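User: Please take a close look at one helix of this model and at what surrounds it. I would like one connected account rather than a list.

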Amino acid sequence: MIETLINIVLFAMLVLTALAVVRINQLFAVVMLSGVFSLLSALLFVTLDAVDVAFTEAAVGAGISTVLMLGTIALTARTQKKSTRSGMVPFIVVVVTGAVLVYGTLDMPGFGDPNAPASLHVAPEYMIGSIKDIDVPNVVTSILASYRGYDTLGETAVVFTAGIGVLALLSGLTRRRREDEEEDV
Amino acid sequence: MHHHLILRVVTKMLVGAIILFAFYVQFHGDFSPGGGFQAGVIMAVAFILYGIVFGLNKAEQVFPSWLVHKLVALGVLIYAGTGVASMLLGYNYLDYGAFNPQHPSHGQHWGILAVELGVGVTVTGVMVAIYYAFANRPPPMKDEDW
């Protein structure tokens, strides 16, 4: 009962934040609200008992992304440009996509259903093996680092590549410009 | 941000605690929520906060960007190197049982510790590097502009 109430309140706040993000033109406020949005989603993950995901969402979504967005605003503009086109087409696209997604959830098994396909495949093996073979109480860590070690290696490589890409885009450009200026002098 | 006295004092008090918490999340990830990804982000946040409040130059004195760029690659090398080490010991790639054949679960603990460390190092490096790359670009904004 109390959990349903918490979920309803959190979802209502999530929707209100999203609407505010759409309506406001001041980008500083929008960035702050997107941080609030992340924090609210983190709370929702906590109510789903997915604390590791909530932790990541709070640290990355509400923390780092906000800082990087502020950095982007500092480099670009502080207010949103007025759009001349009507908002009808995007609105219809969003509504249709949302309706399709909701329709897709109708077939899905209930939350925490032990007979859901996802809980029947390799999950039981991992749950037992995590205690017996790996002896690590946090199953998320044992799956992430041991059972799915290859995947996590791939993820680390993705983070590495993303970092290198941003560095190549941002710092490489400034250095070249500085060199050009020196040549001009 | 020379006139933000409260911000500067609170930041000085918090940075140490944030780094300590990052290490806790990193090395206690087997027992509690968290792991390399979260710890790396928290560690990076400590330096980013320091950089925001005291200026980029001060942050680069503490954590120079050449070191940050090395860390980005070092983490992936630690992770991939763990796999190579297990191969050299005659096991499969990333089979942590190699590190303690008598007690495979202890070997698992060592392997998880190593790869999580690799993840944490890379994530710290990437996050700080991206922040430096953004903050290094002109024009710097005045407080009143926000």
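Analyst: A residue is called buried here if 20 or more other C-beta atoms lie within 10 Å of its own, exposed if 12 or fewer, and partly exposed in between. The model is a predicted one, and the part examined is α3 of chain A, residues 51–75.

By that definition, the buried residues of α3(A) are D52(A), A54(A), F55(A), E57(A), A58(A), A59(A), V60(A), G63(A), I64(A), V67(A), L70(A) and G71(A). An α-helix has 3.6 residues a turn, so residues three or four places apart point the same way. The helix has 25 residues and spans 35 Å from its first C-alpha to its last, close to the 36 Å expected at 1.5 Å a residue. Even so, α3(A) has a kink of about 30°, with its centre on S65(A).

What covers these buried residues comes from both chains. The cover includes α2 (27–47) and α7 (139–147) of chain A, as well as α2 and α5 of chain B. Each side can be taken in turn.

Within chain A, α2(A) has 21 residues and reaches 30 Å between its end C-alpha atoms, close to the expected 30 Å. Its buried residues are G35(A), S38(A), L40(A) and A42(A), and what covers them includes α1 (2–23) and α3 of chain A. Thus α3(A) appears in the cover of α2(A), and α2(A) appears in the cover of α3(A). After α2(A) comes D49(A), with a positive phi near 65°. D49(A) is 67 residues from A116(A) in sequence, and their C-alpha atoms are 17 Å apart. A116(A) sits in the loop between α4 (88–106) and α5 (117–120) of chain A and is partly exposed, with 14 other C-beta atoms within 10 Å.

Towards α7(A), the loop that joins it to α6 (123–134) holds D135(A). This residue is not a glycine, yet its phi is positive, near 60°. D135(A) has 16 other C-beta atoms within 10 Å, so it counts as partly exposed.

The chain around α3(A) has 8 helices and 0 strands. Its radius of gyration is 22 Å, well over the 16 Å that the globule rule gives for 185 residues, so chain A is more spread out than a compact globule. Along the principal axes, its C-alpha atoms fill a box of roughly 70 × 40 × 30 Å. Of its 185 residues, 18% count as buried. Among contacts in chain A with a separation of 6 or more, 42% are between residues 24 or more positions apart.

The other part of the cover belongs to chain B. In all, 45 residues of chain B are in contact with 40 residues of chain A. On the chain B side, α2 (36–54), α4 (65–88) and α5 (104–135) each supply at least two residues. The largest share, 20 residues, comes from α5(B). By class, this side has 29 nonpolar, 13 polar and 3 charged residues.

Nonpolar residues also define the largest core. In soluble globular proteins, nonpolar side chains tend to be buried together. Here the largest nonpolar core has 57 residues, and those with the most contacts inside it are V41(B), A44(B), M127(B), V128(B) and Y131(B). At least two residues each come from α3, α7 and α8 (149–184) of chain A, and from α1 (5–27), α2, α4 and α5 of chain B. The helix that gives the most is α5(B), with 17 residues.

One residue of α5(B) gives a local view of that helix: G120(B). It is buried, with 30 other C-beta atoms within 10 Å. Leaving aside neighbours within four places in sequence, G120(B) is in contact with Q26(B), G36(B), A39(B) and G40(B). Its C-alpha atom is 7.7 Å from that of G35(B), 85 residues away along the chain.

Before α5(B), the loop that follows α4(B) contains L94(B). L94(B) has a positive phi near 60° and is not a glycine. With 22 C-beta neighbours inside 10 Å, L94(B) counts as buried.

To return to the helix in question, α3(A) is a kinked helix whose buried residues are covered in part by helices of chain A and in part by helices of chain B. It also supplies at least two residues of the largest nonpolar core.

Definitions and conventions
Residues are numbered from 1 along each chain as its sequence is written. Chains are lettered from A and ligands numbered from 1 in the order in which they are written. This is a predicted model: local features need pLDDT of at least 70, side-chain atom pairs count only at pLDDT 80 or more; totals for chains, interfaces and linings use all residues. Two residues are in contact if their C-beta atoms, placed from the backbone, lie within 7 Å. Helices (H or I, at least four residues) and strands (E, at least two) are DSSP runs, numbered from the N terminus. Ala, Val, Leu, Ile, Met, Phe, Trp, Tyr, Cys and Pro count as nonpolar, Asp, Glu, Lys and Arg as charged, and the others, Gly among them, as polar. The expected span of a helix is 1.5 Å times one less than its number of residues. The bend at a residue is the angle between axes fitted to the seven residues ending there and the seven starting there. The radius of gyration is taken over C-alpha atoms; the globule rule is 2.2 Å times the number of residues to the power 0.38. A nonpolar core is a set of buried Ala, Val, Leu, Ile, Met, Phe, Trp, Tyr and Cys residues joined through C-beta atoms within 7 Å.
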